[in-house]
Amino acid sequence: MDIIEKARELGKLIQQEETYIKLHEAQEKADADTELQDLIGEFNLKRISINNEASKTEKDQEKLQALNQEMRAVYAKIMQNENMIAYNEAKDKFDVIANRVNAIVNNSINGEDPETTDFSAGCSGSCSTCGGCH
């Protein structure tokens with residue numbers, strides 16, 4: 001088989017992976033959560049207000065501090081939302097698989113043995129920054 005066909009097969013397998021499926025289910029629940037989406041919208045508006053105020057030549061430091069505190073409060077609410085918590089947990093679990101797959105492919109491209117190479121914590125996937133995980 002041609003390498004592109006194998007890559008497509010790998011893509012299909014990734015989409016059948018349990019952690020991938022759970023991540024997308026969590027994403028759908030988070031997207032459907034109107035309270036969460038409202039909080040995310042509010043957070044983005046606060047961030048825009050902060051950027052607008054920070055870009056002024058004469059910044060109002062008190063206003064910046066107040067906006068920053070408000071943004072942090074909204075962020076805390078977002079991170080306490082049950083659908084956001086579930087999404088983050090699902091993403092962390094899928095990222096473990098995705099990091100391993102990426103490391104195996106990248107390390108194989110760089111000449112490592114595909115049968116033995118794997119992801120190790122702290123591995124960026126770039127051997128130029130490697131501290132020696134083999």
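Is Tyr-75 buried, exposed or partly exposed, and at what relative accessibility? In this predicted model, Tyr-75 counts as partly exposed because its relative accessibility is 43%, and partly exposed covers the range between 20% and 50%.

**First stop: the rings of helices H2 and H5.** A search of the whole structure returns 2 aromatic pairs. Select Tyr-20 and Phe-94, which pair in an edge-to-face arrangement, with 5.7 Å centre to centre and 65 degrees between the planes. This pair connects distant parts of the chain: Tyr-20 belongs to helix H2 (residues 18-32) and Phe-94 to helix H5, 74 residues apart. Both Tyr-20 and Phe-94 are buried.

**Second stop: the rings of helices H3 and H4.** Next, select Phe-43 together with Tyr-75, a tilted aromatic pair with 5.9 Å centre to centre and 45 degrees between the planes. Here too, distant parts of the chain are linked, with Phe-43 in helix H3 (residues 34-54) and Tyr-75 in helix H4 (residues 61-80), 32 residues apart. Phe-43 is buried, its relative accessible area being 16%, whereas Tyr-75 is partly exposed.

**Third stop: Asn-83.** Move to helix H5 (residues 82-109) and select Asn-83. Asn-83 counts as buried because its relative accessibility is 16%, and the cut-off for buried is under 20%. Then display the side chain of Asp-33, which a polar contact of 2.8 Å joins to the side chain of Asn-83. To complete the view, add Lys-29, Ala-30 and Leu-36: with Asp-33, these are the residues that Asn-83 touches, leaving aside those up to four places away in sequence.

Terms used: Residues are numbered from 1 along each chain as its sequence is written. This is a predicted model: local features need pLDDT of at least 70, side-chain atom pairs count only at pLDDT 80 or more; totals for chains, interfaces and linings use all residues. Side-chain values use heavy atoms; hydrogens and water are left out. Helices (H or I, at least four residues) and strands (E, at least two) are DSSP runs, numbered from the N terminus. Buried means under 20% relative accessible area, exposed over 50%, partly exposed in between (1.4 Å probe, protein chains only). A polar contact is a pair of N or O atoms within 3.5 Å; within protein, one must be able to donate a hydrogen and the other to accept it, and residues adjacent in sequence count only if both atoms are side-chain atoms. Contact means heavy atoms within 4.5 Å. Rings of Phe, Tyr and Trp (its six-membered ring) pair if their centres lie within 6.5 Å; planes under 30 degrees apart count as stacked, over 60 as edge-to-face and the rest as tilted.
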